[in-house]
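Please look over the sequence and the fold shown here before reading on. The report below goes from the whole chain to a few of its parts.

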Amino acid sequence: MAPSNTSSNDGGSTPARTPGPDGTSTRLPGGPSGSGTHPVDEVLPPVKLFSTGLQHVAAMYAGVVAPPLIVGAGVGLSATDLALLISASLFTAGLATLLQTLGIWKIGARLPFVNGVSFAGVAPMIAIAKEHGPKDALPVIFGAVIVAGALCFLAAPYFCKLIRFFPPVVQGTVITLIGVSLLPVAVNWARGGSPGAPGYGSVRAVGLAAITLAAVVLCNRLLRGFWQQLSLLIGLAFGTLVAFPLGLADFGAVQDAKVFALPSPFHFGAPAFDAAAIVSMCIVMVVSMTESTADMLALGKIVEREADEPTLAAGLRADGLATALSPVFNGFAASAFAQNIGLVALTKIRSRFVVAAGGGILILLGLFPVFGSVVSLVPQPVLGGAGIVLFGTVAASGIRTLAEAGMESSANTILVSVSLGVGIIPIAVPTFYDAFPEAVRTLMHSGISAGCVMAVLLNLLFHHVGTARRSASQSRSGEAPGATVPTATPS
């Protein structure tokens with residue numbers, strides 16, 4: 001049974017306390033052993049720590065390598081430099097993940113929170129590359145990322161105060177959108193990952209995704225305990241084995257990879273600072289902060305440790321610091337990876353040290369490109385089959401939160417329906433905002449940020465604007481402040 005967040009007054013022992021990200025102690029429910037350790041702070045045995053951490057790496061690997069692949073191709077990098085850019089992204093994602101999970105001072109959410117390369121910055125970075133040309137593009141991009149990261153770090157304690165505008169109805173809406181917005185990514189993976197790739201959308205590719213999906217589901221149904229928690233990793237391994245006779249697995253990446261390579265600081269040149277590039281990346285960072293806030297709130301619900309203001313501020317500081325430091329090692333902006341939230345919900349393993357182990361593995365993959373190439377053996381359709389389970393689990397968590405949010409209220413119903421509708425627009429029609437200014441496109445192109453902004457605005461309209469006046473009116477009429485007028489319901 002999951003530990004409860006409520007304390008009892010039955011004369012039982014007092015729950016233990018653990019230092020929070022702000023240095024204060026936080027009351028914790030007792031762990032499975034009755035030791036008072038919250039599952040988030042539980043340290044698992046080494047074998048379990050490594051294997052479950054590897055699951056997190058497998059779930060996020062494609063998302064980490066995709067942005068440097070796209071940006072590297074956009075600036076015309078050679079195969080050698082492209083491999084370096086990918087290794088740098090893995091290395092910096094590992095550092096950012098360790099910063100989030102283990103934390104230092106008031107930096108790091110200390111939740112099982114995975115950080116990686118933010119996909120939100122891909123389009124602006126490609127635009128910067130077109131404007132400045134292949135030779136100067138990466139230094140200008142890195143300069144803009146450094147400034148955007150510093151802005152995030154400084155703004156964190158103020159941005160986190162927005163938590164009061166994220167009640168359960170907003171949280172549930174955003175969590176649902178996180179899952180729904182990721183499902184098309186899984187579907188694209190299931191078809192082969194790249195529309196130009198040979199066999200994209202073929203029966204073999206989709207069939208392999210279906211086999212992987214079935215393997216994950218059956219492992220969840222038939223296995224128990226630790227092996228059930230490894231169901232995703234088992235499904236990925238099984239799907240990859242099936243891919244070999246189907247001709248859908250490629251060993252080329254392993255054969256061409258270097259065994260060891262240290263990250264070279266500012267390999268592509270010293271950062272350059274361009275005003276327009278900085279503005280565009282700062283907008284991206286605000287979007288990433290919005291998504292990270294939503295992800296931390298979602299994760300807090302799943303692990304039963306609420307993400308309060310100090311936790312959100314610490315998590316956003318980690319995002320900002322990791323983003324500002326990433327360009328030193330040729331990396332890009334760091335942000336939350338929502339797919340790993342689905343993995344936490346699926347496996348029920350809430351230990352932040354598991355994700356920290358995943359961060360350590362990412363660092364090793366960055367230092368030893370040959371190991372990273374082994375992980376890349378997992379074909380895109382296999383990732384797609386597993387992704388349907390992962391991302392669907394996130395959406396299901398959002399629906400569960402909405403069920404607890406008082407949906408009998410007509411205001412909440414309108415809030416959820418409109419926010420979901422606005423959030424699904426860029427998912428259903430990705431070109432919907434193409435004619436709008438770049439700032440609007442950056443914000444609204446993500447279904448998560450679009451739906452989040454709409455949910456917050458509608459929450460302000462229905463539950464904040466004019467509430468004092470309504471309370472005063474209710475007091476004069478003899479109603480209790482905050483009371484709602486009952487609506488007629490069929491008997």
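What follows describes a predicted model, beginning with the chain and ending with its aromatic rings.

## The chain as a whole

The secondary structure of this predicted chain comes to 18 helices and 4 strands, and of its 491 residues 51% count as buried. When contacts between residues at least 6 apart in sequence are considered, 79% of them join residues that are at least 24 apart.

## Helix α17 and its surroundings

Helix α17 covers residues 447-463, and because each residue should add 1.5 Å, its 17 residues are expected to span 24 Å, which agrees with the 23 Å that separates its end C-alpha atoms.

The buried residues of α17 are Gly447, Ile448, Ser449, Ala450, Gly451, Cys452, Ala455, Val456, Leu458 and Asn459. These buried residues pack against four helices, namely α4 (168-191), α9 (275-303), α15 (410-428) and α16 (438-444).

## The packing of α4 against α9

Two of the helices that α17 packs against, α4 and α9, also pack against each other, at an angle of about 100° and with their axes 9 Å apart. Since angles of 65 to 115 degrees count as roughly perpendicular, α4 and α9 are therefore placed in that class.

On the α4 side the contact is made by Gln171, Val174, Ile175 and Ile178, while α9 contributes Ala294, Asp295, Leu297, Ala298 and Lys301. Sorted by character, the residues of this contact between α4 and α9 comprise 6 nonpolar, 1 polar and 2 charged.

## Leucine 415 in α15

Leucine 415 belongs to helix α15, one of the helices against which the buried residues of α17 pack. Its relative accessibility is 0%, and because buried means under 20%, leucine 415 counts as buried.

Which residues does leucine 415 contact, once its neighbours within four places in sequence are left aside? They are Val169, Val170, Thr173, Ala455, Leu458 and Asn459, and of these Ala455, Leu458 and Asn459 also appear among the buried residues of α17. Another buried residue of α17 is Val456; the C-alpha atoms of leucine 415 and valine 456 are separated by 8.9 Å, although the two residues are 41 residues apart along the chain.

## Aromatic rings

Counting rings of Phe, Tyr and Trp whose centres lie within 6.5 Å, the model has 5 aromatic pairs. Ring pairs also join Phe432, Tyr433 and Phe436 into a cluster.

Conventions: Residues numbered from 1 in each chain as written. Predicted model: local features only at pLDDT ≥ 70, side-chain atom pairs only at ≥ 80, totals over all residues. Heavy atoms only, no water. Expected span 1.5 Å × (residues − 1). Buried < 20%, exposed > 50% of the residue type's maximum accessible area, 1.4 Å probe, protein only. Contact = heavy atoms within 4.5 Å. Axes fitted to C-alpha atoms, helices over the stretch in contact; angles between N-to-C directions. Parallel < 35°, antiparallel > 145°, perpendicular 65-115°, else oblique. Nonpolar A, V, L, I, M, F, W, Y, C, P; charged D, E, K, R; others polar. Phe/Tyr/Trp six-rings, centres within 6.5 Å; stacked < 30°, edge-to-face > 60°.
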